[in-house]
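Thanks for coming. I will go through one model, first the sheet and then the charged pairs.

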Amino acid sequence: MKILSIQSHVAYGHAGNSAAVFPLQRLGHEVYPVLTVTFSNHTGYGSTRGPLIAPADVAAVIDGVEERGAFPAIDAVLSGYQGAEAVGEVVLDAVARVKAANPAAIYCCDPVMGDVGRGFFVREGIPEYMRDHVVPKADIVTPNQFELEFLVGREVSTQADLVAAARELIAQGPAVVLVTSAVTSDTPDGTIQMACVTAEDAWVVTTPMLPMTVRGGGDVTAAIFLAHYLTDGPQAALSRTAATMYAVLERTHALGSDEMLLVAEQDAIARPDEIFEIASMA
């Protein structure tokens with residue numbers, strides 16, 4: 001597969017394209033990374049260096065990829081954090097042009113806005129822009145539970161709530177909703193869940209909750225899910241994504257690393273040990 005990935009970039013550690021590109025390549029896919037920022041490290045360290053890339057310059061890079069004749073062969077566009085509406089417009093324009101060149105291409109949007117315990121960490125107005133303009137144009141969206149609740153405007157307390165909220169998003173345009181981290185009243189103690197919902201089906205996978213916080217995990221999750229979805233569909237993608245993410249994060253926690261050990265644990269990307277059962281929620 002060929003994937004156009006429009007995201008941020010960090011030199012140190014793994015976030016944005018620095019988290020997404022290697023897993024996609026390790027799974028055998030060709031990636032065209034387009035950078036929206038190039039920072040020394042993610043902002044969780046408290047300070048960072050490097051420039052924001054002007055939306056016009058991001059668009060120019062995409063124009064150059066199109067000029068190489070790549071668009072008809074692109075299978076998917078992937079996007080993550082969008083720091084300004086102008087960047088979102090560049091992403092949506094690229095999606096429209098790729099789909100015009102290849103109607104079978106899909107758009108996977110990780111609607112990065114915030115998280116439980118942290119609240120919103122994007123600029124004011126971005127969550128509403130994502131909800132009203134970006135998510136309806138996506139084929140796959142990968143919110144965490146906090147973001148899902150914002151997108152539908154209500155709390156998600158049970159698995160039934162989660163499925164109903166995901167299908168509310170599906171009614172707006174997406175075909176698949178992956179909820180990347182869910183804890184509801186139905187979630188067993190000491191665990192965390194990942195759920196995949198379509199118009200017809202819904203599945204959930206439960207893994208142990210690790211006592212850690214890691215940046216870039218959502219970027220890796222969205223990339224790996226998209227890769228497996230393209231080749232094997234949503235249910236297999238959910239199983240393999242959960243297996244890979246648990247293996248990578250468990251090893252990262254065991255060694256006390258502040259950054260995900262993506263390269264060291266690349267076998268868990270290429271050949272995930274699918275030890276967690278997929279259960280139906282439909």
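How many strands does the open sheet have, and in what order? There are 9, arranged S2-S1-S3-S4-S7-S8-S9-S10-S11, and the pairing is mixed. Strands here are DSSP E runs of at least two residues, helices are H or I runs of at least four, and both are numbered from the N terminus. Two strands count as paired if DSSP finds at least two bridges between them.

Before going on, the conditions. This is a predicted model, where local features need pLDDT of at least 70 and side-chain atom pairs count only at pLDDT 80 or more, while totals for chains, interfaces and linings use all residues. Residues are numbered from 1 along each chain as its sequence is written, and side-chain values use heavy atoms, leaving out hydrogens and water.

Back to the sheet. Its edge strands are S2 (30-39) and S11 (278-280), each of which pairs on one side only. Helix H2, residues 55-67, packs on the sheet and touches S1 (2-10) and S2; contact means heavy atoms within 4.5 Å. The direction of H2 makes about 165° with that of S2. For these angles, axes are lines fitted to C-alpha atoms, for helices over the stretch in contact, and the angle between N-to-C directions runs from 0 to 180 degrees.

Further along, S9 (residues 191-197) and S10 (residues 202-208) pair in the antiparallel sense over 7 bridges. In that pairing, Thr-191 stands opposite Pro-208 of S10. Helix H8, residues 234-254, lies across S8 (176-182), S9, S10 and S11, at about 10° to S10.

Now the charges. A search of the whole structure gives 11 salt bridges, each being a side-chain nitrogen of Lys or Arg within 4 Å of a carboxyl oxygen of Asp or Glu.

One of them joins Arg-97 and Glu-66, at 2.6 Å from N to O. Arg-97 lies in helix H3 (residues 85-101) and Glu-66 in H2, so this pair ties together parts 31 residues apart in sequence. Are these two buried or exposed? Arg-97 is partly exposed at 21% relative accessible area, and so is Glu-66 at 33%; buried means under 20%, exposed over 50%, and partly exposed in between, with a 1.4 Å probe and protein chains only. Both residues belong to a salt-bridge network with Asp-63 and Asp-93.

Another pair is Glu-274 and Arg-240, at 3.5 Å from N to O. Glu-274 sits in the loop between helix H9 (266-270) and S11, and Arg-240 in H8, 34 residues apart.
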